[in-house]
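Let's walk through this model together, going from one pair of residues outwards. Have the viewer open as you read.

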There are 4 protein chains.
Amino acid sequence: MIIVMSREATSEQIENVKDRLVKEGFNIHLSKGVVRTIIGAIGDKKRIPSLALEAMPGVERVVPILQPYKLASREFKDEPSIIKVRNVEIGGENIHVIAGPCAVESREQLLEAAHKVKEAGATLLRGGAFKPRTSPYTFQGLGEEGLKLLALAGEETGLPIVTEVMDIQSLPVVYEYTDVFQIGARNMQNFNLLKKVGETDKPVLLKRGPSATIEEWLLAAEYIMSSGNHQVILCERGIRTFEQFTRNTLDLSAVCAAKMLSHLPVVVDPSHGTGKWQLVPPMSRAAIAAGADGLLVEVHPNPSEALSDGPQSLTPENFSILMNELSRIAPVLGRKMAVAHE
Amino acid sequence: MIIVMSREATSEQIENVKDRLVKEGFNIHLSKGVVRTIIGAIGDKKRIPSLALEAMPGVERVVPILQPYKLASREFKDEPSIIKVRNVEIGGENIHVIAGPCAVESREQLLEAAHKVKEAGATLLRGGAFKPRTSPYTFQGLGEEGLKLLALAGEETGLPIVTEVMDIQSLPVVYEYTDVFQIGARNMQNFNLLKKVGETDKPVLLKRGPSATIEEWLLAAEYIMSSGNHQVILCERGIRTFEQFTRNTLDLSAVCAAKMLSHLPVVVDPSHGTGKWQLVPPMSRAAIAAGADGLLVEVHPNPSEALSDGPQSLTPENFSILMNELSRIAPVLGRKMAVAHE
Amino acid sequence: MIIVMSREATSEQIENVKDRLVKEGFNIHLSKGVVRTIIGAIGDKKRIPSLALEAMPGVERVVPILQPYKLASREFKDEPSIIKVRNVEIGGENIHVIAGPCAVESREQLLEAAHKVKEAGATLLRGGAFKPRTSPYTFQGLGEEGLKLLALAGEETGLPIVTEVMDIQSLPVVYEYTDVFQIGARNMQNFNLLKKVGETDKPVLLKRGPSATIEEWLLAAEYIMSSGNHQVILCERGIRTFEQFTRNTLDLSAVCAAKMLSHLPVVVDPSHGTGKWQLVPPMSRAAIAAGADGLLVEVHPNPSEALSDGPQSLTPENFSILMNELSRIAPVLGRKMAVAHE
Amino acid sequence: MIIVMSREATSEQIENVKDRLVKEGFNIHLSKGVVRTIIGAIGDKKRIPSLALEAMPGVERVVPILQPYKLASREFKDEPSIIKVRNVEIGGENIHVIAGPCAVESREQLLEAAHKVKEAGATLLRGGAFKPRTSPYTFQGLGEEGLKLLALAGEETGLPIVTEVMDIQSLPVVYEYTDVFQIGARNMQNFNLLKKVGETDKPVLLKRGPSATIEEWLLAAEYIMSSGNHQVILCERGIRTFEQFTRNTLDLSAVCAAKMLSHLPVVVDPSHGTGKWQLVPPMSRAAIAAGADGLLVEVHPNPSEALSDGPQSLTPENFSILMNELSRIAPVLGRKMAVAHE
């Protein structure tokens, strides 16, 4: 890291910073410019965040040089990680589409959605049993009943299940039914929850928080990985910006960036990312073209009756048109659409 | 609410929307403009979010008219709410300053900080025992040991305690020791946690999320209140913007806005709001001038040795200078600085 | 538009608003809810912005229903507009790539770049003669000398020229040499400049401002069109967000949105949009997949010697690899890459 | 500056970067960490922006150490600058309030506003003759006629005039009538305009752009100062964020930050900063408490008849109440409200 001393810094203050760094086991090198002194420090990057150097007299600012995450970085593991979910492999040549309704509403709704997305080519089934909702007065999900329906739909279709775990309390029950834990955007920095899913043996789909930098996103993955579970799938789902026409601003450059910085697979959620079903097909195509390893798409048999996120859900018909488009695009990008195993 | 039909909407589609609304118990009125038809609907606003009208064919957009929160609104309760914490009243004429270290680090550190902030005029003591940290490799707090030290410091100084509860699991133990539950910015939309603290009988200090709108912030308060606990104190702590000189952008207009829209008291955290101790005094003065009911200020006996947030912590000396300034400003604003009772 | 009266609004205040609207020629309809009164007003949308209704006593807020732009809207013109630049047509089946160096630096640099991008398949040549630079101490462009070099390169390669006009003063000289006026992101709301290019007979490439909403972007186009020049090409080049890994956040959903709301063609600038040459190819592919009508790509014979934006410039080799990829992607999207005419 | 080489950088690539820097006259020092090599370079900071080092093979990123502005910095001039406008001094002990209507609409409107704000204690008169408006269909200002009315009002009241100059073309005519050039937020990076006002002998009030960082704002001031005119007054007027309740998010910490980094005076525009007249008084108080040297406040004799920005304009009555509040606050902050000279 680089410590920039203020131009008024006394030589005593400079000494204090040097001593502090040496005490912490850093190798330092000093460079005196015309205007100010700069101290370079080389040592254990994990130690850096706990040093409050910026609070030392005479210090103007501290510039970190290395990325603060380790296990999630390309420096730790160069080749892309492939995450296995039952018979499915995410992060390889195959592109996987995880589809289903935003919320599990009923046996009929879920089974219809599950069979339709399976037919269209989805290889994993998504659906929410526990729903984080902005307003306390809206549908909060069916809870365990919803999980049971997901398991049933999984059996009937043979599709692995992806569903959200909202807190540590419900983790054991979600564990019973799901194949992949989804960590929602609002929980990306729910650190205790990250640690707990990090202690399980099931893959985790980690959504990027609406105002999380790519670095913070990878640090959230680091929480899971440093707890022992390296099966992390990153999911870009849009960030919050000043633009209001779309629900969020889907940041596809974050897909490329995350794959540059990390070995973890990255999927994209164009449904939450745009909030408008009309934008889901073009942004799905764009996500694949940008290099995403898969998609998370909301599909509802009857969006206008949906209890949650209807406006951003595709009908089964539109979903199957989209899947056809993707199957034409994938090959020219050197990828293939995954095929569900029976 | 207002439903704007697209210009291609067929009269059948318009009928469908009307029928749907009537079925849901709304009174509707139609108005046909030159370009498009608009449907006004009056009914139970709590029902609105669950209608996926935007997903109905022919609907261009839906414009909500009423605020989606109720208990937190001025319409529900016009006069300002006063939240009692032991012998302290937040939201009245008195301005309260909640001060202490970011994290409880040791008996010595906390007791020194507690006595110093008490002397300077703080009326509540803050300190973190469970710390949400961006990196898994940084100090995560002392846990229950930290809570015990807080309780001890509270006894010694007579100051009520404000400390963060990070999850439902640790809620019971935090309940044992604290006077006020702090909900951190990252947990503002941890809805199950909000419901749980809403089932307790202790006041809740609810920080605004870094990318939460004022409306979402009040909806988070609504989660707590609709669970039975109306003792909510709002806390503005800065939002995330493109500006990088400051850690966050402290949104003081949100203080005025929240007090316009809601009857709940609002305090400001200039430490996290700016991330730089040099900006804490001027922004503290500004917060009071904007109408805040109090402040949450980080004070550390030795910021450069702090295990967390040293750069934004005031020394006890600077804190007491700030308190003197505030005591001169409060009266000209028709407020008084609260005095700690023995 | 909808006027929402505050719940304390007196019937006299409601009458005043009604009278004001009627006086302005609006048809109004009143609807009294349990909580508040709402006034719907139908009339000339162009008149709306000049009414300061929100300043009238008793008015809580005003909700516009119609888009404030007209000529740029799909309602005004349903089929996509095709903008002709010499022998080139932008907005049709063909995808056009506008390529060249950020800044014109020298005869050699520009001619080499021009011939290389032509060979690789670019159909228009870009290059800056007048450069808006954040710092006054950086290269500000060659001015008219640069324009002459552009014209020369245009002649030699047969490629039409796209170059930025920074102000009204230099408009006449830029007009002499360019085929398309580029309006830079920082000038998107330089309204007098917009009016002036709107009085010319040359196409205008209008970049979206770094903090401009899609609506403001289309209103900027409306300034040009309402001055008489309907030849506007929209260009998404990234918006400013909290994310710092990329120079801007390239908002590809804005491409889809702009094409939904407007008949104007939309191109994408992945160079400024990401600020990193490594991200230019994947985001270029993504832009085309999202439905963009073309790209604006920075190519420099020797990026590390570039006087401006080297880090985001492709080498001719990487550019030609990208063009090959695009020529495979376009057909599966039902488009073709344009071919330069001799 | 610090150049961070990527971990795959070859020693040849490292040599190339070193040679390049030495050739440009920088003193360099190398430091080889376990993971990567870092090159520190000390030299003329003005040269740095034109080096495209990030485009050199093997370079991961470049970290600037010094601020890129010079004349505007505290390092260049330590004591606060005082800008003289006729008999008024901005930046000293006295707090100045610049008040008047958003747009000059008529002789009556302006003169009434001018006399009222003078009575209430404003020491400069503001008013727009050339209005940048988001929509081409809204009132664009009276132009020179408006300037004449401003001059008249200035004579009658003895108040110096502050009005916006929108482009180089109208600069000469604005020069004839105004005492201070206002550069609007949208023009903060209209660099040629900045250079031109930098060649005049009149003070410039430079508004911060809606998405400009504090550094970019100071670099815009640097454009004016490096052209010879050091009479720059900075004006914070709110930045664009995701929050929609307020028109912009007024960033008062930017006032403190700008005064830390620069010697230039800083005033605040709470009218545009909030967009709601109800928020203007509390945010005006807050601005002064944060250390602002003055305010820019919109006052209209009849806001609901205003042709521009009525919703954020104060009535003369509310303005004079605000001025009274400020006159009580200023002294406790060690400032005084300026008094207009006859």
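**From one bridge to the whole assembly**

Start with C:N27, whose bridge partner in β3(C) is C:I42. That pair belongs to a longer match: β2(C) and strand β3 (residues 37-42) of chain C run antiparallel to each other over six bridges. Strands here are DSSP runs (E, at least two residues) numbered from the N terminus, and two of them pair if DSSP finds at least two bridges between them.

Before going on, some ground rules: this is a predicted model, where local features need pLDDT of at least 70, side-chain atom pairs count only at pLDDT 80 or more, and totals for chains, interfaces and linings use all residues. Residues are numbered from 1 along each chain as its sequence is written, chains are lettered from A and ligands numbered from 1 in the order in which they are written, and side-chain values use heavy atoms, with hydrogens and water left out.

Zoom out a bit and you get an open sheet of four strands in chain C, ordered β2-β3-β1-β4 with antiparallel pairing. β2 (27-32) and β4 (59-63) of chain C sit at the edges with a single partner strand each, so one side of each has no neighbour in the sheet.

Now for the copies. Chain C lands on chain A (RMSD 0.0 Å) after a rotation of 180 degrees with 0.0 Å of shift along its axis, superposed by least squares on C-alpha atoms of residues with pLDDT of at least 70 in both. That's the relation of a two-fold axis. In chain C, the C-alpha nearest the axis belongs to C:A286, 2.1 Å from it.
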